[in-house]
Amino acid sequence: LSVGAFLENLITAAPAHGFAADYEVVSTKASTDVAHVVLKSTAPRDAPLERLRERRTVRSGQSDRDISTADVQALRAAAGDDAVLFFAARSQHGRRLAEATLEANRVQTARDDAQSELADWMRWTPEDGRAHRNGFTPESLDITGIAGWYVRHFMNKKGVLGKRFRKQSLDLVRRQLASYAGWIVIMSRDDSIPALMDAGRRCERMWLEARPRSIAVHPMSQALEEAPLKDQISGDLGLSGRVQFILRVGYVTAYPRPVSLRMPVSWFLRT
């Protein structure tokens with residue numbers, strides 16, 4: 001899924017630099033390669049580079065105001081109508097997604113192995129962020145001001161495993177589920193590597209369309225990670241395909257600047 005998002009960004013940005021990008025899926029059990037990318041020289045043309053730079057997850061500040069039909073149609077069209085669905089927060093399916101999301105988060109915060117995995121992805125200090133260039137920083141979790149200063153200086157893996165952090169995390173999920181407009185669900189035809197990459201590309205196209213419309217996007221796919229919820233969610237929503245993304249969405253009055261860490265391309269692309 002993440003490789004698909006990267007490929008979509010590459011394909012989107014390449015024309016601005018005088019290239020046309022294409023790729024071939026090559027993933028096999030005998031190779032760590034996922035895809036071969038081919039760049040062909042072409043006349044430079046405009047590309048929405050600013051959308052790529054400004055894309056980010058927005059976890060707080062979402063409004064419960066209904067998303068307009070035109071905006072829903074635009075998001076679905078950007079990604080591909082056949083694989084992208086929208087469920088309003090107050091609809092039957094929207095309420096089910098909220099219930100499943102809260103239950104999955106409750107299960108994960110209680111599981112030591114899940115909490116330990118989360119702790120491994122936390123980048124509390126700027127030094128950790130520069131070393132890894134991935135994961136969750138205080139800024140990406142909307143922890144700013146005095147709270148941000150505190151966690152950068154005093155938070156560590158042991159703290160993430162503690163009861164207080166787990167309770168605060170679950171309380172935060174409850175607050176997030178109290179204000180939003182709906183859910184975007186992105187499907188794939190199956191769980192093959194090409195289908196997963198295609199789902200990643202679709203998600204990225206939708207995301208790039210969201211910011212110009214002041215629509216915040218917050219992935220909350222925990223229900224896809226926990227049994228029996230992951231086996232029930234498609235049926236609960238009346239879907240026959242494979243759900244790959246569950247994204248909480250809502251309008252925001254001011255779209256925050258991007259803060260996510262970005263890995264150098266040389267770390268995962270060989271030429």
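**Exercise 1.** In this predicted model, D33 has a relative accessible area of 22%; decide whether D33 is buried, partly exposed or exposed, and then find the residue whose side chain meets that of D33 in a salt bridge.

*Solution.* Begin with the cut-offs, by which a residue is buried under 20% relative accessible area and exposed over 50%, with partly exposed in between. At 22%, D33 is therefore partly exposed. Next, look for the partner, which is R270: the side chains of D33 and R270 meet in a salt bridge with a distance of 2.4 Å from N to O. This pair links distant parts of the chain, since D33 lies in the loop between β1 (19-25) and β2 (35-41), whereas R270 belongs to the segment after β6, 237 residues apart from it. R270, with a relative accessible area of 62%, is exposed.

**Exercise 2.** Explain why E50 and R53 are separated by about one helical turn, and state how their side chains meet.

*Solution.* First locate the two residues: they are separated by about one helical turn because they stand three residues apart in helix α2 (residues 49-54). Then consider the side chains of E50 and R53, which meet in a salt bridge at 3.1 Å, N to O. Finally, check their surroundings: E50, at 44% relative accessibility, is partly exposed, and R53 is partly exposed as well, with a relative accessible area of 48%. As a general point, side chains of opposite charge can pair when their charged atoms come close.

**Exercise 3.** Work out how many salt bridges the count comes to, and list the residues that are linked in a network of them.

*Solution.* Counting a side-chain nitrogen of Lys or Arg within 4 Å of a carboxyl oxygen of Asp or Glu, one arrives at 27 salt bridges. One of these joins the side chains of R111 and D113, at 3.0 Å from N to O; here R111 is partly exposed at 29%, and D113 is partly exposed at 48%. The network, in turn, links R51, D71, E209 and R213 through salt bridges.

**Exercise 4.** Identify the residues that touch the most other members of the largest nonpolar core, and say which element gives the largest share of this core.

*Solution.* The largest nonpolar core has 23 residues, and the members touching the most others are L97, L177, W183, V185, L237, V243 and I246. At least two residues of this core come from each of α4 (92-110), α9 (163-176), β4 (182-188), α11 (229-236) and β6 (242-251). The largest share, five residues, is that of α4. To follow one member more closely, take L177: leaving aside residues up to four places away in sequence, L177 touches A98, T101, L102, W183, M220 and R248. There is also a second, separate core of 19 residues, which includes A199, C203, V217 and V249.

**Exercise 5.** Determine which residues line the second largest pocket, and how they divide into nonpolar, polar and charged.

*Solution.* The second largest pocket holds about 190 Å³ of space, and its lining consists of D191, L224, K230, I233, S234, G241, R242, V243 and Q244. In this lining, α11 and β6 each supply at least two residues. Sorted by kind, the lining residues divide into three nonpolar, three polar and three charged.

Conventions: Residues numbered from 1 in each chain as written. Predicted model: local features only at pLDDT ≥ 70, side-chain atom pairs only at ≥ 80, totals over all residues. Heavy atoms only, no water. Core = buried A, V, L, I, M, F, W, Y, C linked by side-chain atoms within 4.5 Å. Buried < 20%, exposed > 50% of the residue type's maximum accessible area, 1.4 Å probe, protein only. Helix = DSSP H or I, 4+ residues; strand = E, 2+ residues; numbered from the N terminus. Contact = heavy atoms within 4.5 Å. 1 Å grid on protein atoms, 1.4 Å probe; cavity = no way out; pocket = protein on both sides within 12 Å on 5 of 7 lines; lining within 4 Å. Points joined across faces, edges and corners; volume = space filled by probe spheres on them. Nonpolar A, V, L, I, M, F, W, Y, C, P; charged D, E, K, R; others polar.
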